[in-house]
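Please go through the sequence and the structure below with the text that follows. The account begins with a single side chain and then widens to the whole chain.

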Amino acid sequence: MRGLPIDATSATALEKQGLRFGLVEAADTPEFAAWLQAVVRGFHSPRLPQEQIAIRVTDFNRRMVG
């Protein structure tokens, strides 16, 4: 994960909650999968099976390139 500029106060507050701030690269499939699972959890959806993650990675990359 690439880091982004973030002020020390915000970085500390996020760290205390076990969170981090940064960019997620869709090409980094394990990192993207973890981010995607966090998103679906945030919307109270069940965990995605690996097949769905693979489809979404492909779709996301296609949209970004197109």
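**From one glutamine to the whole chain**

Setting aside neighbours within four places in sequence, Gln-37 is in contact with Arg-47, Leu-48 and Ile-53. The model is a predicted one, and Gln-37 sits in its helix α2. Is Gln-37 buried or exposed? The relative accessibility of Gln-37 is 9%, and the cut-off for buried is under 20%, so Gln-37 counts as buried. A polar atom of the Gln-37 side chain lies 2.9 Å from the backbone oxygen of Leu-48. Leu-48 is thus listed among the contacts of Gln-37 and also supplies the oxygen of this 2.9 Å pair.

The helix that holds Gln-37 can be checked for length. α2 has 14 residues, and at 1.5 Å a residue these should span 20 Å; the end C-alpha atoms are 20 Å apart, which agrees with the expected value. The buried residues of α2 are Glu-31, Phe-32, Ala-33, Leu-36, Gln-37 and Val-40. Glu-31 and Gln-37 are therefore buried along with Phe-32, Ala-33, Leu-36 and Val-40.

Which residues form the largest nonpolar core? This core has eight residues: Ala-26, Phe-32, Ala-33, Leu-36, Val-40, Leu-48, Ile-53 and Val-57. At least two of them come from each of α2 (29-42) and α3 (50-65). The greatest contribution is that of α2, with four residues. Leu-48 and Ile-53, both members of the core, are also contacts of Gln-37. Ala-26 is another core member; apart from neighbours within four places in sequence, Ala-26 is in contact with Phe-32, Val-57, Phe-60 and Asn-61. Of these contacts, Phe-32 and Val-57 belong to the core as well.

Next comes the loop between α2 and α3, where His-44 is found. His-44 follows α2 and has a positive phi, near 60 degrees, although His-44 is not a glycine. At 75% relative accessibility, against a cut-off of over 50% for exposed, His-44 counts as exposed.

A positive phi also follows α1: there the residue is Gly-18, with phi near 75 degrees. The N-terminal end of α1 (residues 8-16) is capped by Asp-7, which has a side-chain oxygen 3.3 Å from the backbone nitrogen of Thr-9.

Gly-22 belongs to strand β2 (residues 22-23). With a relative accessibility of 24%, Gly-22 falls in the partly exposed class. Gly-22 and Ile-6 are 16 residues apart along the chain, and their C-alpha atoms are separated by 9.1 Å.

Now the chain as a whole. The protein contains three helices and two strands, and from the N terminus on the elements run β-α-β-α-α. Of its 66 residues, 15% are buried. The exposed area is about 5300 Å², of which carbon and sulfur atoms supply 58%. Among contacts with a separation of 6 or more, 21% join residues 24 or more positions apart.

How far to trust these details is a matter of confidence. The mean pLDDT of the protein is 83, with 86% of its residues at 70 or more. Of the elements, α1 has the highest mean pLDDT, 91, and strand β1 (residues 2-3) has the lowest, 55. Predicted coordinates should not be read in detail where pLDDT is low.

Technical notes
Residues numbered from 1 in each chain as written. Predicted model: local features only at pLDDT ≥ 70, side-chain atom pairs only at ≥ 80, totals over all residues. Heavy atoms only, no water. Core = buried A, V, L, I, M, F, W, Y, C linked by side-chain atoms within 4.5 Å. Buried < 20%, exposed > 50% of the residue type's maximum accessible area, 1.4 Å probe, protein only. Contact = heavy atoms within 4.5 Å. Areas by Shrake-Rupley, 256 points an atom, 1.4 Å probe, with all protein chains shown as cover. Polar contact = N/O pair within 3.5 Å; in protein donor to acceptor, adjacent residues only side chain to side chain. Expected span 1.5 Å × (residues − 1). pLDDT = per-residue confidence, 0-100.
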